[in-house]
Amino acid sequence: STTLTLTLTLSCSQCTSLTLTLTLSCSQWPYCLKRCSYCNFNKYIPRSDNQDVMLECLQRETETLLKLSQVSRITSVFFGGGTPSLARPSTIAAVLETVARHAGLSEEAEVTLEVNPTPIGSSKLEDFLHAGVNRFSIGVQSLRDDDLKVLGRDHNSQHALQTVAEARRLCPGRVSVDVMFGRPGQSVASWELELDELLSVCDDHVSLYQLTLERGTQLFRQVQKGQLSVPSDDITAVMYDSARRILQKRGYLQYEVSNFARNDAISQHNMSYWKASQYLGVGPGAHGRFVPRGEGDVCREARTQTLEPDVWLREVQQRSHGTRRRIPLTHLALLEEVLVMGLRLIDGITHQHWQLFSPRADLYQILSSSSEVQDLQQTGLLILDDRGLRCSWQGLALLDSMLPTLLLLLEAYITQGLQEQQARGPIGDQRHGGQRVSKPG
Ligand SMILES: C[S@@+](CC[C@H](N)C(=O)[O-])C[C@H]1O[C@@H](n2cnc3c(N)ncnc32)[C@H](O)[C@@H]1O
Ligand code: SF4
(Lines give C-alpha, C1' and ligand atoms only; values in the text may rest on other atoms or scores of the structure.)
(Ligands and ions follow the chains in the order given, each with its own letter.)
Protein backbone atom coordinates (compact mmCIF):
# COMPACT_ATOMS: atom_id res chain seq x y z
CA SER A 1 0.00 0.00 0.00
CA THR A 2 1.07 3.57 -0.47
CA THR A 3 0.75 6.31 2.05
CA LEU A 4 0.58 10.01 1.59
CA THR A 5 0.21 12.69 4.15
CA LEU A 6 -1.64 15.89 3.40
CA THR A 7 -1.74 18.69 5.85
CA LEU A 8 -4.23 21.43 5.40
CA THR A 9 -4.19 24.66 7.31
CA LEU A 10 -7.68 25.79 7.91
CA SER A 11 -9.50 28.70 9.38
CA CYS A 12 -12.80 28.00 11.05
CA SER A 13 -15.68 30.40 11.36
CA GLN A 14 -14.47 31.46 14.83
CA CYS A 15 -11.22 32.69 13.22
CA THR A 16 -9.37 29.76 14.74
CA SER A 17 -6.75 28.40 12.42
CA LEU A 18 -6.68 24.66 11.87
CA THR A 19 -4.27 22.39 10.09
CA LEU A 20 -5.59 19.26 8.48
CA THR A 21 -3.22 16.36 7.98
CA LEU A 22 -4.25 13.62 5.62
CA THR A 23 -2.37 10.41 5.12
CA LEU A 24 -3.19 8.58 1.91
CA SER A 25 -2.28 4.97 1.31
CA CYS A 26 -2.41 3.27 -2.01
CA SER A 27 -0.56 0.17 -3.12
CA GLN A 28 -0.25 1.25 -6.72
CA TRP A 29 2.11 3.95 -5.63
CA PRO A 30 3.85 2.40 -2.64
CA TYR A 31 4.21 4.44 0.44
CA CYS A 32 7.91 4.07 -0.04
CA LEU A 33 9.70 2.19 -2.77
CA LYS A 34 12.19 0.94 -0.20
CA ARG A 35 13.08 1.51 3.42
CA CYS A 36 15.80 4.04 4.09
CA SER A 37 18.27 2.60 6.59
CA TYR A 38 17.62 5.30 9.21
CA CYS A 39 13.85 5.79 8.98
CA ASN A 40 11.26 4.47 11.43
CA PHE A 41 8.27 6.38 10.12
CA ASN A 42 4.94 4.63 9.64
CA LYS A 43 5.63 3.34 6.13
CA TYR A 44 4.66 0.31 4.13
CA ILE A 45 5.90 -1.44 1.04
CA PRO A 46 2.83 -2.24 -1.09
CA ARG A 47 1.50 -5.76 -1.46
CA SER A 48 -1.37 -5.08 -3.84
CA ASP A 49 -2.88 -2.35 -5.94
CA ASN A 50 -5.59 -0.62 -3.91
CA GLN A 51 -5.21 2.91 -5.21
CA ASP A 52 -8.87 3.44 -6.02
CA VAL A 53 -10.14 2.26 -2.66
CA MET A 54 -7.49 4.34 -0.92
CA LEU A 55 -8.58 7.45 -2.71
CA GLU A 56 -12.20 6.73 -1.90
CA CYS A 57 -11.37 6.29 1.81
CA LEU A 58 -9.18 9.35 1.97
CA GLN A 59 -11.96 11.42 0.51
CA ARG A 60 -14.44 9.88 2.93
CA GLU A 61 -12.30 10.46 6.02
CA THR A 62 -11.48 13.98 4.89
CA GLU A 63 -15.17 14.74 4.57
CA THR A 64 -15.94 13.19 7.99
CA LEU A 65 -13.25 15.12 9.84
CA LEU A 66 -13.95 18.38 8.05
CA LYS A 67 -17.58 18.12 9.09
CA LEU A 68 -16.56 17.22 12.63
CA SER A 69 -14.27 20.25 12.87
CA GLN A 70 -16.86 22.56 11.25
CA VAL A 71 -14.07 24.32 9.41
CA SER A 72 -15.19 26.87 6.87
CA ARG A 73 -12.01 27.70 4.96
CA ILE A 74 -8.68 26.07 4.22
CA THR A 75 -5.56 28.14 3.94
CA SER A 76 -2.84 25.54 3.47
CA VAL A 77 -2.42 21.92 2.46
CA PHE A 78 0.59 19.65 3.00
CA PHE A 79 1.06 16.29 1.30
CA GLY A 80 3.80 14.47 3.23
CA GLY A 81 4.76 10.94 3.94
CA GLY A 82 6.16 8.48 3.18
CA THR A 83 6.64 9.16 -0.49
CA PRO A 84 3.66 11.15 -1.73
CA SER A 85 5.40 11.93 -5.01
CA LEU A 86 4.71 8.29 -5.92
CA ALA A 87 1.00 9.05 -5.90
CA ARG A 88 -0.93 9.80 -9.05
CA PRO A 89 -1.34 13.54 -9.58
CA SER A 90 -5.05 12.83 -10.16
CA THR A 91 -5.25 11.51 -6.59
CA ILE A 92 -3.80 14.73 -5.25
CA ALA A 93 -6.27 16.70 -7.36
CA ALA A 94 -9.21 14.58 -6.16
CA VAL A 95 -8.34 15.04 -2.50
CA LEU A 96 -7.96 18.79 -3.00
CA GLU A 97 -11.37 18.85 -4.68
CA THR A 98 -12.88 17.04 -1.70
CA VAL A 99 -11.38 19.58 0.63
CA ALA A 100 -12.60 22.46 -1.49
CA ARG A 101 -16.10 20.99 -1.69
CA HIS A 102 -16.45 20.54 2.06
CA ALA A 103 -14.47 23.43 3.49
CA GLY A 104 -13.55 25.96 0.82
CA LEU A 105 -9.95 26.10 -0.37
CA SER A 106 -8.68 29.66 -0.40
CA GLU A 107 -7.05 31.02 -3.56
CA GLU A 108 -3.78 31.68 -1.72
CA ALA A 109 -3.70 28.31 0.06
CA GLU A 110 -0.18 26.92 0.41
CA VAL A 111 -0.30 23.42 -1.07
CA THR A 112 2.96 21.54 -0.43
CA LEU A 113 3.99 18.14 -1.73
CA GLU A 114 6.96 16.21 -0.33
CA VAL A 115 9.00 14.86 -3.22
CA ASN A 116 11.63 12.12 -3.24
CA PRO A 117 14.13 13.25 -5.88
CA THR A 118 14.00 10.16 -8.04
CA PRO A 119 13.39 10.31 -11.81
CA ILE A 120 9.79 9.14 -11.15
CA GLY A 121 9.10 11.99 -8.74
CA SER A 122 10.81 14.55 -10.92
CA SER A 123 8.92 13.56 -14.08
CA LYS A 124 5.55 14.18 -12.41
CA LEU A 125 6.23 17.61 -10.93
CA GLU A 126 4.43 19.47 -13.70
CA ASP A 127 1.37 17.25 -13.33
CA PHE A 128 1.37 17.81 -9.58
CA LEU A 129 1.44 21.53 -10.26
CA HIS A 130 -1.62 21.20 -12.47
CA ALA A 131 -3.27 19.11 -9.77
CA GLY A 132 -3.08 22.10 -7.43
CA VAL A 133 0.29 21.79 -5.69
CA ASN A 134 2.13 25.11 -5.43
CA ARG A 135 5.09 24.27 -3.17
CA PHE A 136 7.57 21.38 -3.31
CA SER A 137 9.60 20.01 -0.41
CA ILE A 138 12.42 17.86 -1.73
CA GLY A 139 14.18 15.18 0.33
CA VAL A 140 17.69 15.66 -0.99
CA GLN A 141 19.33 14.56 2.31
CA SER A 142 22.86 14.62 0.86
CA LEU A 143 24.81 15.42 -2.27
CA ARG A 144 27.33 12.64 -1.61
CA ASP A 145 26.48 9.48 -3.55
CA ASP A 146 28.30 7.18 -1.12
CA ASP A 147 26.36 8.64 1.78
CA LEU A 148 23.05 8.32 -0.07
CA LYS A 149 23.82 4.63 -0.49
CA VAL A 150 24.55 4.22 3.22
CA LEU A 151 21.27 5.97 4.00
CA GLY A 152 19.51 3.51 1.69
CA ARG A 153 18.07 6.26 -0.50
CA ASP A 154 16.79 5.42 -3.96
CA HIS A 155 18.23 8.53 -5.60
CA ASN A 156 21.70 9.88 -6.34
CA SER A 157 23.08 13.42 -6.27
CA GLN A 158 22.44 13.97 -9.97
CA HIS A 159 18.75 13.05 -9.55
CA ALA A 160 18.58 15.44 -6.61
CA LEU A 161 20.08 18.34 -8.56
CA GLN A 162 17.78 17.71 -11.53
CA THR A 163 14.69 17.53 -9.31
CA VAL A 164 15.55 20.74 -7.48
CA ALA A 165 16.17 22.53 -10.80
CA GLU A 166 12.87 21.29 -12.27
CA ALA A 167 10.92 22.20 -9.13
CA ARG A 168 12.45 25.70 -9.13
CA ARG A 169 11.52 26.13 -12.79
CA LEU A 170 7.92 25.22 -12.04
CA CYS A 171 7.53 26.88 -8.63
CA PRO A 172 10.14 29.62 -8.30
CA GLY A 173 10.53 30.77 -4.70
CA ARG A 174 8.38 27.92 -3.37
CA VAL A 175 10.82 25.02 -3.21
CA SER A 176 12.23 23.65 0.04
CA VAL A 177 15.11 21.23 0.43
CA ASP A 178 15.62 18.73 3.29
CA VAL A 179 19.25 18.02 4.13
CA MET A 180 20.65 15.75 6.82
CA PHE A 181 23.78 16.05 8.94
CA GLY A 182 25.42 13.86 11.57
CA ARG A 183 25.63 11.10 8.99
CA PRO A 184 27.95 8.09 9.32
CA GLY A 185 31.55 9.03 8.67
CA GLN A 186 30.76 12.72 8.11
CA SER A 187 33.30 15.36 9.16
CA VAL A 188 32.65 19.02 9.93
CA ALA A 189 34.79 20.14 6.98
CA SER A 190 33.01 17.88 4.46
CA TRP A 191 29.62 18.96 5.82
CA GLU A 192 30.49 22.64 5.39
CA LEU A 193 31.62 22.07 1.81
CA GLU A 194 28.54 20.03 0.97
CA LEU A 195 26.14 22.56 2.46
CA ASP A 196 27.81 25.38 0.56
CA GLU A 197 27.48 23.37 -2.65
CA LEU A 198 23.84 22.63 -1.93
CA LEU A 199 22.98 26.24 -1.16
CA SER A 200 24.31 27.32 -4.53
CA VAL A 201 21.47 25.35 -6.17
CA CYS A 202 18.75 25.71 -3.52
CA ASP A 203 15.67 27.84 -3.73
CA ASP A 204 14.42 29.93 -0.80
CA HIS A 205 13.76 27.36 1.94
CA VAL A 206 15.98 24.80 3.68
CA SER A 207 15.13 22.29 6.44
CA LEU A 208 18.06 20.83 8.39
CA TYR A 209 17.66 17.36 9.85
CA GLN A 210 20.10 16.01 12.39
CA LEU A 211 20.27 12.24 11.94
CA THR A 212 18.61 10.43 14.82
CA LEU A 213 19.59 6.81 15.33
CA GLU A 214 16.22 5.15 15.68
CA ARG A 215 15.89 1.78 17.37
CA GLY A 216 14.77 -0.96 15.01
CA THR A 217 16.36 0.60 11.94
CA GLN A 218 19.10 -0.98 9.88
CA LEU A 219 21.41 1.95 10.60
CA PHE A 220 20.91 1.55 14.34
CA ARG A 221 21.99 -2.10 14.09
CA GLN A 222 24.98 -1.25 11.88
CA VAL A 223 26.21 1.31 14.41
CA GLN A 224 25.61 -1.06 17.32
CA LYS A 225 27.65 -3.77 15.63
CA GLY A 226 30.45 -1.29 14.97
CA GLN A 227 30.07 -1.55 11.18
CA LEU A 228 29.43 2.20 10.93
CA SER A 229 30.06 5.10 13.26
CA VAL A 230 28.26 8.40 13.57
CA PRO A 231 29.78 11.69 14.73
CA SER A 232 29.71 12.37 18.48
CA ASP A 233 27.22 14.82 20.02
CA ASP A 234 29.98 17.42 20.32
CA ILE A 235 30.75 17.15 16.61
CA THR A 236 27.09 17.33 15.57
CA ALA A 237 26.72 20.43 17.77
CA VAL A 238 29.59 22.02 15.82
CA MET A 239 27.95 20.91 12.54
CA TYR A 240 24.66 22.55 13.54
CA ASP A 241 26.43 25.72 14.55
CA SER A 242 28.44 25.95 11.34
CA ALA A 243 25.32 25.23 9.24
CA ARG A 244 23.51 28.13 10.93
CA ARG A 245 26.40 30.46 10.16
CA ILE A 246 26.73 29.30 6.54
CA LEU A 247 22.99 29.64 5.95
CA GLN A 248 22.96 33.10 7.49
CA LYS A 249 25.87 34.22 5.33
CA ARG A 250 23.96 33.01 2.28
CA GLY A 251 20.91 35.08 3.25
CA TYR A 252 18.77 32.32 4.76
CA LEU A 253 17.24 33.59 7.98
CA GLN A 254 16.67 31.04 10.67
CA TYR A 255 13.06 31.22 11.81
CA GLU A 256 12.89 27.90 13.68
CA VAL A 257 15.33 25.38 15.19
CA SER A 258 15.65 23.49 11.89
CA ASN A 259 14.18 25.85 9.28
CA PHE A 260 15.67 28.66 7.26
CA ALA A 261 14.15 30.94 4.62
CA ARG A 262 15.19 33.62 2.16
CA ASN A 263 12.83 36.22 0.79
CA ASP A 264 10.29 35.48 3.51
CA ALA A 265 9.60 31.99 2.08
CA ILE A 266 8.56 30.66 5.50
CA SER A 267 6.52 27.44 5.53
CA GLN A 268 2.98 28.45 6.50
CA HIS A 269 2.03 24.87 7.18
CA ASN A 270 4.79 24.22 9.69
CA MET A 271 4.24 27.62 11.23
CA SER A 272 0.78 26.48 12.27
CA TYR A 273 2.33 23.60 14.26
CA TRP A 274 4.77 25.88 16.03
CA LYS A 275 1.95 28.27 16.86
CA ALA A 276 0.02 25.32 18.34
CA SER A 277 -2.82 25.74 15.89
CA GLN A 278 -5.41 23.05 15.46
CA TYR A 279 -4.99 20.40 12.81
CA LEU A 280 -6.84 17.38 11.57
CA GLY A 281 -5.05 14.14 10.76
CA VAL A 282 -6.50 12.03 7.97
CA GLY A 283 -5.16 8.69 6.79
CA PRO A 284 -3.11 5.84 8.28
CA GLY A 285 -1.03 6.98 11.23
CA ALA A 286 -1.98 10.64 10.95
CA HIS A 287 -2.13 12.79 14.07
CA GLY A 288 -4.58 15.57 14.72
CA ARG A 289 -5.30 18.23 17.34
CA PHE A 290 -8.69 19.86 17.05
CA VAL A 291 -11.97 20.64 18.73
CA PRO A 292 -14.72 18.36 17.38
CA ARG A 293 -17.27 21.17 17.31
CA GLY A 294 -19.62 19.02 15.24
CA GLU A 295 -20.16 16.91 18.38
CA GLY A 296 -20.87 20.04 20.40
CA ASP A 297 -17.51 19.78 22.13
CA VAL A 298 -15.36 22.72 23.19
CA CYS A 299 -12.17 20.89 24.17
CA ARG A 300 -9.25 20.24 21.90
CA GLU A 301 -8.50 16.57 21.41
CA ALA A 302 -5.30 14.76 20.44
CA ARG A 303 -6.33 12.23 17.81
CA THR A 304 -4.43 9.42 16.12
CA GLN A 305 -5.61 7.52 13.07
CA THR A 306 -5.06 3.77 12.76
CA LEU A 307 -1.51 3.00 11.67
CA GLU A 308 -1.86 -0.01 9.42
CA PRO A 309 -3.31 0.94 6.03
CA ASP A 310 -5.43 -2.21 5.48
CA VAL A 311 -7.03 -1.89 8.90
CA TRP A 312 -7.52 1.85 8.41
CA LEU A 313 -9.24 1.14 5.07
CA ARG A 314 -11.70 -1.27 6.67
CA GLU A 315 -12.48 1.18 9.44
CA VAL A 316 -13.13 4.04 7.04
CA GLN A 317 -15.37 1.81 4.93
CA GLN A 318 -17.32 0.73 8.02
CA ARG A 319 -17.61 4.01 9.94
CA SER A 320 -16.31 6.76 7.66
CA HIS A 321 -13.15 7.40 9.69
CA GLY A 322 -10.19 5.48 11.10
CA THR A 323 -9.68 7.40 14.32
CA ARG A 324 -8.01 4.99 16.74
CA ARG A 325 -7.36 7.22 19.77
CA ARG A 326 -8.98 10.39 21.14
CA ILE A 327 -7.50 12.10 24.18
CA PRO A 328 -9.07 15.33 25.44
CA LEU A 329 -6.24 17.77 26.11
CA THR A 330 -6.15 19.31 29.56
CA HIS A 331 -5.42 22.98 29.93
CA LEU A 332 -1.92 22.04 31.14
CA ALA A 333 -1.28 19.74 28.16
CA LEU A 334 -2.32 22.50 25.78
CA LEU A 335 -0.05 25.06 27.46
CA GLU A 336 2.82 22.57 27.36
CA GLU A 337 2.39 22.32 23.61
CA VAL A 338 2.28 26.09 23.22
CA LEU A 339 5.53 26.34 25.21
CA VAL A 340 7.41 23.48 23.58
CA MET A 341 6.40 24.36 20.02
CA GLY A 342 6.62 28.14 20.42
CA LEU A 343 10.15 28.11 21.82
CA ARG A 344 11.34 26.42 18.64
CA LEU A 345 10.68 29.70 16.83
CA ILE A 346 13.38 32.33 16.73
CA ASP A 347 10.71 34.86 17.76
CA GLY A 348 9.55 32.57 20.57
CA ILE A 349 6.18 33.15 22.22
CA THR A 350 4.77 36.64 22.42
CA HIS A 351 2.71 37.66 25.44
CA GLN A 352 -0.30 38.12 23.14
CA HIS A 353 0.02 34.62 21.77
CA TRP A 354 0.40 33.11 25.24
CA GLN A 355 -2.63 35.02 26.47
CA LEU A 356 -4.81 33.43 23.79
CA PHE A 357 -4.25 30.09 25.52
CA SER A 358 -3.70 31.28 29.07
CA PRO A 359 -5.80 34.36 29.78
CA ARG A 360 -5.33 34.08 33.56
CA ALA A 361 -1.62 33.45 33.98
CA ASP A 362 0.99 35.33 32.00
CA LEU A 363 4.55 34.23 31.32
CA TYR A 364 5.99 36.54 34.00
CA GLN A 365 3.68 35.09 36.66
CA ILE A 366 4.64 31.54 35.74
CA LEU A 367 8.38 31.92 35.19
CA SER A 368 9.97 35.12 36.39
CA SER A 369 10.36 34.32 40.08
CA SER A 370 12.22 31.06 39.40
CA SER A 371 15.94 31.15 40.16
CA GLU A 372 16.57 28.62 37.36
CA VAL A 373 14.93 30.91 34.83
CA GLN A 374 16.91 33.84 36.20
CA ASP A 375 20.10 31.79 35.75
CA LEU A 376 19.17 30.95 32.15
CA GLN A 377 18.55 34.64 31.51
CA GLN A 378 21.83 35.66 33.11
CA THR A 379 23.80 33.12 31.09
CA GLY A 380 22.18 34.59 27.98
CA LEU A 381 20.31 31.46 26.87
CA LEU A 382 16.74 32.58 27.54
CA ILE A 383 15.02 35.95 27.16
CA LEU A 384 11.85 36.96 29.00
CA ASP A 385 10.99 40.59 28.28
CA ASP A 386 8.18 42.83 27.09
CA ARG A 387 7.98 40.93 23.77
CA GLY A 388 7.57 37.53 25.40
CA LEU A 389 9.69 34.41 25.96
CA ARG A 390 12.31 33.22 23.50
CA CYS A 391 15.70 31.56 23.20
CA SER A 392 18.78 33.54 22.32
CA TRP A 393 20.78 32.46 19.26
CA GLN A 394 22.98 30.36 21.53
CA GLY A 395 19.99 29.14 23.56
CA LEU A 396 18.12 27.81 20.52
CA ALA A 397 20.80 25.13 20.10
CA LEU A 398 20.28 24.12 23.75
CA LEU A 399 16.48 24.28 23.82
CA ASP A 400 16.05 20.59 24.70
CA SER A 401 18.12 21.01 27.87
CA MET A 402 16.04 24.02 29.02
CA LEU A 403 12.59 22.56 28.40
CA PRO A 404 12.39 20.23 31.44
CA THR A 405 12.90 23.21 33.80
CA LEU A 406 10.31 25.35 32.03
CA LEU A 407 7.77 22.52 31.85
CA LEU A 408 8.14 21.76 35.56
CA LEU A 409 7.53 25.41 36.43
CA LEU A 410 4.45 25.48 34.22
CA GLU A 411 3.09 22.29 35.74
CA ALA A 412 3.69 23.53 39.30
CA TYR A 413 1.92 26.82 38.57
CA ILE A 414 -1.11 25.25 36.91
CA THR A 415 -1.41 22.48 39.53
CA GLN A 416 -1.26 25.00 42.34
CA GLY A 417 -3.94 27.11 40.62
CA LEU A 418 -6.14 24.03 40.30
CA GLN A 419 -5.72 23.13 43.95
CA GLU A 420 -6.65 26.67 45.00
CA GLN A 421 -9.65 26.56 42.70
CA GLN A 422 -10.77 23.21 44.13
CA ALA A 423 -10.40 24.55 47.66
CA ARG A 424 -12.72 27.43 46.72
CA GLY A 425 -15.29 25.04 45.18
CA PRO A 426 -16.20 24.09 41.59
CA ILE A 427 -16.65 26.75 38.93
CA GLY A 428 -17.38 26.60 35.22
CA ASP A 429 -16.94 23.57 33.07
CA GLN A 430 -15.47 20.77 35.21
CA ARG A 431 -14.82 18.30 32.40
CA HIS A 432 -11.27 17.30 31.56
CA GLY A 433 -9.73 18.13 34.90
CA GLY A 434 -11.93 21.14 35.59
CA GLN A 435 -10.23 23.23 32.92
CA ARG A 436 -11.94 25.98 31.09
CA VAL A 437 -10.89 25.91 27.48
CA SER A 438 -9.36 29.13 26.28
CA LYS A 439 -10.32 30.67 22.95
CA PRO A 440 -8.09 28.83 20.45
CA GLY A 441 -9.46 25.47 21.68
C1 LIG B 1 9.71 10.99 6.63
S2 LIG B 1 10.50 11.95 5.47
C3 LIG B 1 9.27 12.13 4.25
C4 LIG B 1 9.80 12.67 2.96
C5 LIG B 1 10.39 11.70 2.01
N6 LIG B 1 9.91 10.39 2.11
C7 LIG B 1 11.88 11.67 2.12
O8 LIG B 1 12.40 10.76 2.72
O9 LIG B 1 12.50 12.59 1.59
C10 LIG B 1 10.59 13.59 6.13
C11 LIG B 1 11.98 13.93 6.52
O12 LIG B 1 12.30 13.23 7.72
C13 LIG B 1 13.65 12.95 7.70
N14 LIG B 1 13.95 11.82 8.58
C15 LIG B 1 13.36 10.62 8.61
N16 LIG B 1 13.96 9.83 9.54
C17 LIG B 1 14.94 10.56 10.11
C18 LIG B 1 15.93 10.30 11.12
N19 LIG B 1 16.02 9.11 11.71
N20 LIG B 1 16.77 11.30 11.47
C21 LIG B 1 16.68 12.51 10.87
N22 LIG B 1 15.80 12.80 9.89
C23 LIG B 1 14.94 11.84 9.52
C24 LIG B 1 13.92 12.61 6.25
O25 LIG B 1 15.23 12.78 5.95
C26 LIG B 1 12.99 13.54 5.49
O27 LIG B 1 13.65 14.62 4.96
S1 SF4 C 1 12.96 8.58 4.78
FE2 SF4 C 1 11.25 8.99 3.42
S3 SF4 C 1 11.61 7.64 1.62
FE4 SF4 C 1 12.92 6.90 3.25
S5 SF4 C 1 11.74 5.25 4.20
FE6 SF4 C 1 11.39 7.14 5.39
S7 SF4 C 1 9.55 8.04 4.53
FE8 SF4 C 1 10.31 6.50 3.06
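**Two ligands and several helix pairs**

Trainee: How do the residues of the shell around ligand 1 divide by class?
Mentor: A shell residue has a heavy atom within 4 Å of the ligand. Ala, Val, Leu, Ile, Met, Phe, Trp, Tyr, Cys and Pro count as nonpolar, Asp, Glu, Lys and Arg as charged, and the others, Gly among them, as polar. For ligand 1 the split is five nonpolar, eight polar and four charged.

Trainee: What kind of model is this?
Mentor: Residues are numbered from 1 along each chain as its sequence is written, chains are lettered from A and ligands numbered from 1 in the order in which they are written, and side-chain values use heavy atoms, leaving out hydrogens and water. Local features need pLDDT of at least 70, side-chain atom pairs count only at pLDDT 80 or more, and totals for chains, interfaces and linings use all residues: this is a predicted model.

Trainee: Which residue has a polar backbone atom 2.9 Å from a nitrogen atom of ligand 1?
Mentor: Take the side chains before the backbone. A polar side-chain atom of Arg-153 is 2.7 Å from an oxygen atom of ligand 1, and one of Asp-178 is 2.6 Å from an oxygen atom of ligand 1. These are polar contacts (N or O pairs within 3.5 Å). The backbone partner is Thr-212.

Trainee: How much of ligand 1 does the protein bury?
Mentor: Areas come from the Shrake-Rupley method with a 1.4 Å probe. Taken alone, ligand 1 exposes 550 Å². The protein buries 93%.

Trainee: Which elements give two or more residues to that shell?
Mentor: Helices (H or I, at least four residues) and strands (E, at least two) are DSSP runs, numbered from the N terminus. The elements here are β5 (135-141), β6 (175-181) and β7 (205-210).

Trainee: How many charged residues are in the shell around ligand 2?
Mentor: The residues around ligand 2 include Lys-34, Lys-43 and Arg-153. By class, this shell has four nonpolar and three polar residues. The charged count is three.

Trainee: Are α7 and α9 roughly parallel or oblique?
Mentor: Axes are lines fitted to C-alpha atoms over the stretch in contact, and angles run from 0 to 180 degrees between N-to-C directions. Helix α7 (residues 188-199) and helix α9 (residues 233-249) have axes within 10 Å that cross at roughly 30°. Under 35 degrees is roughly parallel, over 145 roughly antiparallel, 65 to 115 roughly perpendicular, the rest oblique. The pair is therefore roughly parallel.

Trainee: Is the crossing of α1 and α11 left-handed or right-handed?
Mentor: Helix α1 (residues 51-69) and helix α11 (residues 309-319) pack at about 55°, axes 10 Å apart, and are therefore oblique. A crossing is left-handed if the near helix is turned anticlockwise from the far one by less than a right angle, right-handed if clockwise. This crossing is left-handed.

Trainee: How does α1 pass α2?
Mentor: α1 and helix α2 (residues 89-103) pack at about 20°, with axes 10 Å apart. That makes α1 roughly parallel to α2. The crossing is right-handed.

Methods
Polar contact = N/O pair within 3.5 Å; in protein donor to acceptor, adjacent residues only side chain to side chain.
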